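Reader: I would like to go through this model slowly, one question at a time. Please explain each term when it comes up.

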Amino acid sequence: MTNGMYPELITRPDIKIFLPPIGGLTIYIWGDPDTIPDEDIELTCRVHDECNGSDVFGSDICTCRPYLTHAIEECIKTAQRGGCGIVIYFRKEGRSLGEVTKYLVYNTRKRQEGGDSAENYFSCTEQVAGVQDTRFQALMPDPLHFLGVTKIHNFISMSDMKYNAIVSTGIEIVNRVEIPKELVPADAQVEITAKVFHGYNAGKAYQDIDEKELKKTVGREYAY
């Protein structure tokens with residue numbers, strides 16, 4: 001067991017194929033689970049991929065923890081209205097590239113010439129790991145089908161990969177809920193700007209992100 005750390009991605013250039021473990025998950029439910037298959041009863045859902053740095057240790061370089069917190073709050077509110085809330089927490093640390101790789105990416109982002117920037121957000125992951133993402137979202141909807149989900153009224157996610165994976169299996173999504181602007185940490189503006197510019201669902205809150213905004217958005221500087 002590597003505990004979500006795959007240093008071989010960096011230390012073993014001879015390895016040509018990497019198959020990340022993507023099966024571990026925990027399902028959290030608020031409200032009556034018997035209502036989940038009933039399309040007339042409100043269902044709120046977030047599919048969350050593990051981020052130890054933010055979820056556990058409170059790093060503000062990404063939106064993972066505040067988005068997860070917001071999703072839990074929305075799930076509870078839905079349950080209080082008589083509906084049901086679901087958060088599925090997948091063990092896909094660092095886009096399934098592992099914790100060591102993720103922190104190396106963070107280090108690269110902060111130490112690169114010009115500092116951390118939205119313009120270079122995705123390229124830093126490729127520089128370190130050779131790829132941007134290995135989460136294989138096509139398998140992600142399986143737990144939703146196991147629970148009997150056929151309709152999600154409020155999907156707490158901006159990810160098109162997750163949205164497309166879910167709807168392609170026949171589950172209807174009514175509303176896509178973006179993270180409120182006031183919950184995005186200052187240093188995570190790099191992440192949210194890059195993701196929206198490159199195609200994440202902007203919702204109503206992030207319609208103003210364009211190439212000019214991409215180029216000017218930078219992260220916190222460190223005095224190394």
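Reader: Which residues are buried in α7?

Author: This is a predicted model, in which local features need pLDDT of at least 70, side-chain atom pairs count only at pLDDT 80 or more, and totals for chains, interfaces and linings use all residues. Residues are numbered from 1 along each chain as its sequence is written, and side-chain values use heavy atoms, with hydrogens and water left out. Buried means under 20% relative accessible area, exposed over 50%, and partly exposed in between (1.4 Å probe, protein chains only). By that rule the buried residues of α7 are Lys 162, Ala 165 and Ile 166.

Reader: Why do the buried residues of α7 line one face of the helix?

Author: An α-helix has 3.6 residues a turn, so residues three or four places apart point the same way. The arc is taken from the directions from the helix axis to the C-beta atoms. Seen down the axis of α7, the buried residues line one face because they fall within an arc of 95°.

Reader: Which elements do the buried residues of α7 pack against?

Author: Helices (H or I, at least four residues) and strands (E, at least two) are DSSP runs, numbered from the N terminus. Contact means heavy atoms within 4.5 Å. The buried residues of α7 pack against β2, α6, β4 and β5.

Reader: Which element gives the largest share of the largest nonpolar core?

Author: A nonpolar core is a set of buried Ala, Val, Leu, Ile, Met, Phe, Trp, Tyr and Cys residues joined through side-chain atoms within 4.5 Å. Among the 18 residues of the largest one, those touching the most other members include Val 47, Ile 86 and Ile 166. Elements giving two or more residues to this core include β2, β3 and α7. The largest share, four residues, comes from β3.
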